[in-house]
Amino acid sequence: VSKVAITCAGNKSSSLFDRRFGRAAWYCLFDDISGTTTYIKNENCDDLQQTGIKASEKMIGLEVEKIISGDFGPFAMDLLKKFNIQMVILQDSQLTVQEIINKLIKK
Amino acid sequence: MPRKKRLRKVVAPPGFKGYRPYGTNNNQRNTVELLYEEYEALKLTDYDLMNHKEASEVMGISRPTFARIYENARRKIAMALVETREIITIYGNVWMDKNWFMCNNCQTRFTIPKSMTDNSCPICSSIKVESLNFN
């Protein structure tokens with residue numbers, strides 16, 4: 001249906017899922033319709049503050065409709081809610097990007 | 001000046017305004033103020049049976065801070081029971097986790113934005129979805 005962003009530690013499909021949203025090193029964008037993935041580096045992951053807001057702005061700019069991460073801070077949450085972006089929280093940090101994508105395809 | 005307190009995340013507010021003892025001669029109205037975060041700490045440890053580490057992660061605070069809040073909660077409830085005082089709940093230092101849902105099939109938590117009509121779980125598309133908010 002839409003573009004899905006997954007926070008992850010690297011730019012390969014075997015990379016581990018990252019439970020942080022603003023400080024994740026990479027974002028994997030998965031397109032439901034074409035089935036393609038693109039990886040986007042998070043330049044702000046080492047900033048001292050407001051990484052969540054910057055990441056949210058980036059996601060809004062990319063027209064993502066769903067974000068899969070481990071946790072969202074209060075500022076990021078407010079912003080994403082305003083732009084009708086669905087937030088999904090996964091507790092399991094041992095998953096790889098490919099495994100999450102497989103789950104999305106299967107449904 | 002002390003550092004600003006970090007807001008504690010509370011998934012659902014308590015479903016009551018307070019508790020009052022009955023069958024007692026003690027009519028004085030000094031109440032015990034139970035904060036939302038203390039209620040949440042008590043719920044996570046003694047009802048959901050999480051350990052302090054997991055519970056502190058759910059509330060977005062450090063484990064020692066969680067332990068202090070939890071200890072306060074227990075002491076306040078014990079004080080209310082022993083001194084037959086009324087308990088009232090107070091908002092405290094929290095931010096509420098609104099419009100969150102949990103899938104009972106895969107334990108994923110997620111929001112459903114206004115623009116969306118689909119109510120199934122985004123990961124496993126199960127319909128065994130439960131709201132995490134009361135009222």
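## Strand pairing in chain A

In this predicted model, A:Ala5 stands opposite A:Ile67, a residue of S4(A). The two strands concerned, S1(A) and S4(A), run parallel and are paired over 3 bridges. S1 of chain A covers residues 3–8, and 5 of its 6 residues are buried, so the strand is mostly covered under the cut-off of 20% relative accessible area.

S1(A) also pairs with strand S2 of chain A (residues 26–31), this time in the antiparallel sense and through 6 bridges. Within that pairing, A:Lys3 has A:Asp31 of S2(A) as its bridge partner. Strands of a sheet pair through backbone hydrogen bonds, and the sense may be parallel or antiparallel.

## The interface of chains A and B

Contact between the chains involves 19 residues of chain A and 20 residues of chain B. The size of an interface is often expressed as the accessible area lost when the parts come together. Here, the area buried between chain A and chain B is about 1,700 Å², and carbon and sulfur atoms give 56% of it. Strand S4 (66–69), helix H2 (74–82), strand S5 (86–89) and helix H3 (97–106) of chain A are the elements that give two or more residues to the side of chain A that touches chain B. Of these, S5(A) gives the most, with 4 residues. By class, this side of chain A has 10 nonpolar, 3 polar and 6 charged residues.

Which specific contacts does the rule find across the interface of chain A and chain B? There are 2 residue pairs in polar contact, both at pLDDT 80 or more. The count of salt bridges across this interface is 0, while over all chains the count comes to 10.

## Strand pairing between the chains

S5(A) and S7(B) are antiparallel and are joined by 2 bridges. A:Ile89 has B:Arg109 in S7(B) as its bridge partner. S7 of chain B spans residues 109–111 and includes B:Thr111. Is B:Thr111 buried or exposed? Its relative accessibility is 6%, so B:Thr111 counts as buried. Leaving aside residues up to four places away in sequence, B:Thr111 touches A:Ile85, A:Gln86 and A:Met87 in chain A, and B:Asn99 and B:Trp100 in chain B.

Helix H2 of chain A is among the elements on the side that touches chain B. In H2(A), the residues A:Ala76, A:Met77, A:Leu79 and A:Leu80 are buried. Just after this helix, A:Asn84 takes a positive phi of about 55°.

## Layout of chain B

Chain B has 3 helices and 8 strands, which run β-β-β-α-α-α-β-β-β-β-β from the N terminus on. Of its 135 residues, 38% are buried. Among contacts in chain B with a separation of 6 or more, 66% join residues 24 or more positions apart.

One open sheet in chain B consists of 3 strands in the order S2-S4-S3, with mixed pairing. S2 (18–19) and S3 (32–35) are the edge strands, each pairing on one side only. S3(B) and S4(B), the latter at residues 87–90, pair in the parallel sense over 4 bridges. B:Leu35 has B:Ile90 of S4(B) as its bridge partner.

Helix H3 of chain B (residues 63–82) holds B:Thr65. With a relative accessible area of 16%, B:Thr65 is buried. B:Thr65 and B:His52 are 13 residues apart in sequence, and their C-alpha atoms are 9.9 Å apart in space.

## Salt bridges in chain B

Side chains of opposite charge can pair when their charged atoms come close. One such pair is B:Glu86 and B:Arg20, with the closest N and O atoms 3.3 Å apart. This salt bridge links distant parts of the chain, 66 residues apart: B:Glu86 is in the loop between H3 and S4 of chain B, and B:Arg20 is in the loop between S2 and S3. B:Glu86 is buried because its relative accessibility is 14%, whereas B:Arg20 is exposed at 56%.

Two further pairs lie within helices. B:Glu40 and B:Lys43 form a salt bridge at 3.5 Å between the closest N and O atoms. They are 3 residues apart in helix H1 of chain B (residues 36–47), so about one helical turn separates them. Both residues are buried. In helix H3 of chain B, B:Glu71 and B:Arg75 are 4 residues apart, about one turn, and their side chains meet in a salt bridge of 2.5 Å, N to O. B:Glu71 is partly exposed at 32% relative accessible area, and B:Arg75 is exposed at 56% relative accessibility.

Notes:
Residues are numbered from 1 along each chain as its sequence is written. Chains are lettered from A and ligands numbered from 1 in the order in which they are written. This is a predicted model: local features need pLDDT of at least 70, side-chain atom pairs count only at pLDDT 80 or more; totals for chains, interfaces and linings use all residues. Side-chain values use heavy atoms; hydrogens and water are left out. Buried means under 20% relative accessible area, exposed over 50%, partly exposed in between (1.4 Å probe, protein chains only). Contact means heavy atoms within 4.5 Å. Buried area is the accessible area (1.4 Å probe) that two parts lose on being put together, summed over both. A salt bridge is a side-chain nitrogen of Lys or Arg within 4 Å of a carboxyl oxygen of Asp or Glu. A polar contact is a pair of N or O atoms within 3.5 Å; within protein, one must be able to donate a hydrogen and the other to accept it, and residues adjacent in sequence count only if both atoms are side-chain atoms. Ala, Val, Leu, Ile, Met, Phe, Trp, Tyr, Cys and Pro count as nonpolar, Asp, Glu, Lys and Arg as charged, and the others, Gly among them, as polar. Two strands pair if DSSP finds at least two bridges between them.
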